[in-house]
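Here is a short briefing on one protein model. Look over the sequence and the fold before reading on.

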Amino acid sequence: MAISSKDIIPLTRAHAALTKLCAQVKREHGEKILTKNGESCAALIDAERLDYYHRLEREHVHLTLLEDAVRGVEEVNAGKLLTVAKLKARYGRQV
C-alpha cells in the first residue's frame, strides 16, 4: 500500500487524535507517518503488519545464512581450502 499525503500527520495533531488514528490504522491495515517540525519522526502501523515485517526480517537472515553455508560447501567441494597456517599468515595474528 502506497503512502499518500493524508497518511502524513504532524505529531501535535496525532497526539490529539491518537485513539482515532490507531483505530483507523487497525481497520485499514495501513500506516501513518508522524512528523515533527516537518520531518518524519515515527510511523504508526498495524501490529499485525509489524509482526509480518519482523518475520520477513528473520526469514531474510536465515536465507542469507543458508546461502553462505551453501557457498562454503561449494568452495570445499571445489578444493578451495585454507590451512590454519595460511590463515595465520594472511591475517598475521593468532586464530
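H29, just after helix 2, takes a positive phi of about 50°. The model is predicted. The points below start at this residue, then turn to the helix before it, the hairpin after it and one residue of helix 3.

**The residue after helix 2**
- H29 belongs to the loop that links helix 2 and strand 2.
- Its phi is positive although H29 is not a glycine.
- H29 counts as partly exposed because its relative accessibility is 40%, and the partly exposed class lies between the buried limit of 20% and the exposed limit of 50%.

**Helix 2: two sides**
- Helix 2 covers residues 18-28, and its buried residues are L21, Q24 and V25.
- Viewed down the helix axis, these buried residues fit within an arc of 95°, so they line one face of helix 2.
- An α-helix has 3.6 residues a turn, so positions three or four places apart point the same way.
- The exposed residues T19, K26 and R27 sit on the face of helix 2 that is turned away from the buried side.
- Several elements help to cover the buried residues of helix 2, including strand 1 (8-10) and helix 1 (11-16).
- Strand 2 and strand 3 are also part of that cover.

**The hairpin of strands 2 and 3**
- Strand 2 (residues 31-36) and strand 3 (residues 39-45) run antiparallel.
- Six bridges join strand 2 to strand 3.
- Within this pairing, L34 stands opposite A42 of strand 3.
- Strand 2 and strand 3 form a hairpin, with two residues between them.
- In a regular strand, side chains alternate between the two faces of the sheet.

**The turn residue N37**
- N37 lies in the loop between strand 2 and strand 3.
- Phi of N37 is positive, near 55°, and N37 is a residue other than glycine.
- N37 counts as exposed because its relative accessibility is 75%, and the exposed class begins over 50%.

**L65 in helix 3**
- Helix 3 spans residues 47-77 and contains L65.
- L65 is exposed because its relative accessible area is 52%, and the cut-off for exposed is over 50%.
- L65 and K86 are 21 residues apart along the chain.
- The C-alpha atoms of L65 and K86 are separated by 25 Å.

Methods:
Residues numbered from 1 in each chain as written. Predicted model: local features only at pLDDT ≥ 70, side-chain atom pairs only at ≥ 80, totals over all residues. Heavy atoms only, no water. Pairing = 2+ DSSP bridges. Helix = DSSP H or I, 4+ residues; strand = E, 2+ residues; numbered from the N terminus. Buried < 20%, exposed > 50% of the residue type's maximum accessible area, 1.4 Å probe, protein only. Arc of directions from axis to C-beta. Contact = heavy atoms within 4.5 Å.
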